[in-house]
Amino acid sequence: MEIQKKVGKMYHRVDPTFKRKLLESPGGETFKFCYQCGTCTATCPVARFTDVFRPNKVIHLAKLGIRNVVYSDAVWLCVNCYSCTERCPQGVKVADVMRALKNLAVADGVIPEFSKAFLTTILDTGWAYSIPASRIAKRASMGLPPLPKPFLEDLKKLAKMTEASNLLEQERDAE
Ligand code: SF4
Ligand code: SF4
């Protein structure tokens with residue numbers, strides 16, 4: 001059952017089952033202890049540079065069951081540095097909660113474009129970004145050793161085992 005709830009100027013769907021789903025997801029268990037002190041957001045190095053990501057707000061919205069906001073691209077800005085987790089007075093494992101939210105979002109087929117592009121590059125090149133030929137030439141001119149060969153086959157196996165490659169293929173088929 002989903003009901004509509006007004007948040008700010010927008011209407012969002014409230015999913016009463018979402019809270020339980022998060023509680024049952026590995027890493028999501030502690031979010032229920034949050035009492036909205038804001039320490040995580042004050043600590044977060046990402047929140048320092050953008051208004052769109054506030055970890056305490058994400059947790060608050062998750063508690064309300066406002067799934068579509070929780071699944072927004074903002075959650076993916078979390079870099080899992082664990083600064084928040086170390087300082088939360090309630091023992092909320094905030095970084096793990098963010099990871100659990102990303103996992104739930106992916107299970108529901110919600111993956112931001114930049115994550116898809118990132119994964120595609122890793123699977124195609126073995127690197128987190130395409131290294132330009134000029135950079136490789138520069139390394140050689142400075143007497144640096146060549147970059148190690150990426151383990152592409154192992155990466156592909158890993159992507160298959162974690163079903164990451166299936167998700168990308170489904171996306172490509174849908175285009
Ligand atoms: S620091 Fe902990 S209790 Fe405070 S808002 Fe963040 S998650 Fe909630
Ligand atoms: S783990 Fe994520 S939410 Fe926590 S401080 Fe680091 S970037 Fe911010």
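Trainee: What share of the contacts in the protein chain with a separation of 6 or more comes from residues 24 or more positions apart?

Mentor: Such residues account for 65% of those contacts. Keep in mind that this is a predicted model.

Trainee: Which secondary structure does the protein chain hold?

Mentor: Ten helices and two strands. Along the sequence the pattern reads β-β-α-α-α-α-α-α-α-α-α-α. The C-alpha trace spans about 60 × 40 × 30 Å along its principal axes.

Trainee: How is the protein chain divided into domains?

Mentor: Domain 1 covers 3-107, and domain 2 covers 113-174. Their centres, taken over C-alpha atoms, are 29 Å apart.

Trainee: What percentage of the protein chain is buried?

Mentor: Buried residues make up 22% of the 175 residues. To count, a residue needs 20 or more other C-beta atoms within 10 Å of its own.

Trainee: What makes a set of residues a nonpolar core?

Mentor: The members must be buried residues of the listed nonpolar types, joined through C-beta atoms within 7 Å. The largest such core here has 29 residues. A62, V70, V75, V94, V97 and L101 touch the most other members.

Trainee: Which helices supply at least two residues of this core?

Mentor: α1 (18-24), α3 and α6 each do. α6 gives the most, with eight residues.

Trainee: Which residues does L101 touch, not counting those up to four places away in sequence?

Mentor: A62, V70 and V75. As a general tendency, nonpolar side chains are buried together in soluble globular proteins.

Trainee: On to the ligands. Which residues come nearest to ligand 2?

Mentor: C44, C78, C81, C84 and A95, out of 15 around the ligand. α2 (39-43), α5 (83-87) and α6 (94-107) each give two or more residues to this shell. α6 gives the most, with three.

Trainee: What is the make-up of the shell around ligand 2 by class?

Mentor: Twelve nonpolar, three polar and no charged residues. Cys counts as nonpolar here, so C44, C78, C81 and C84 fall in that class.

Trainee: Which residues are closest to ligand 1?

Mentor: C34, C37, C40, N56 and C88, among 13 that surround the ligand. α2 and α3 (55-64) are the elements that give two or more residues to this shell. By class, the shell has eight nonpolar, five polar and no charged residues.

Trainee: Now single residues. Why is Y35 called exposed?

Mentor: Y35 has 10 C-beta neighbours inside 10 Å. The limit for exposed is 12 or fewer. Ten passes, so Y35 counts as exposed. The residue lies in the loop between α1 and α2. Y35 and Q90 are 55 residues apart in sequence, with 7.6 Å from C-alpha to C-alpha.

Trainee: Why does Q36 count as partly exposed?

Mentor: Q36 has 13 C-beta neighbours inside 10 Å. Exposed needs 12 or fewer, and buried needs 20 or more. Thirteen meets neither cut-off, so Q36 counts as partly exposed. Q36 too lies in the loop between α1 and α2.

Trainee: What is the phi of Q36?

Mentor: A positive value of about 60°, although Q36 is not a glycine. Most residues other than glycine have a negative phi.

Trainee: What is the phi of N80, and where does N80 lie?

Mentor: Phi of N80 is near 55°, a positive value in a residue other than glycine. N80 sits in the loop between α4 (67-70) and α5. With 13 C-beta neighbours inside 10 Å, N80 counts as partly exposed.

Trainee: Why does I131 count as partly exposed?

Mentor: I131 has 13 C-beta neighbours inside 10 Å. That number lies between the cut-offs of 12 and 20, so I131 is partly exposed. I131 belongs to the loop between α7 (113-125) and α8 (133-141). The C-alpha atoms of I131 and P150 are separated by 12 Å, with their positions 19 residues apart along the chain.

Trainee: How do you know that helix α9 lies largely in the open?

Mentor: Count the buried residues. α9 (residues 152-161) has ten residues, and the number buried is zero. A residue with 20 or more neighbours would count as buried. Therefore α9 lies largely in the open.

Trainee: What is the phi of E163, just after α9?

Mentor: E163 takes a positive phi of about 65°.

Key
Residues numbered from 1 in each chain as written. Chains lettered and ligands numbered in written order. Predicted model: local features only at pLDDT ≥ 70, side-chain atom pairs only at ≥ 80, totals over all residues. Near = placed C-beta within 6 Å. Helix = DSSP H or I, 4+ residues; strand = E, 2+ residues; numbered from the N terminus. Domains from an automatic or database assignment. Contact = placed C-beta atoms within 7 Å.
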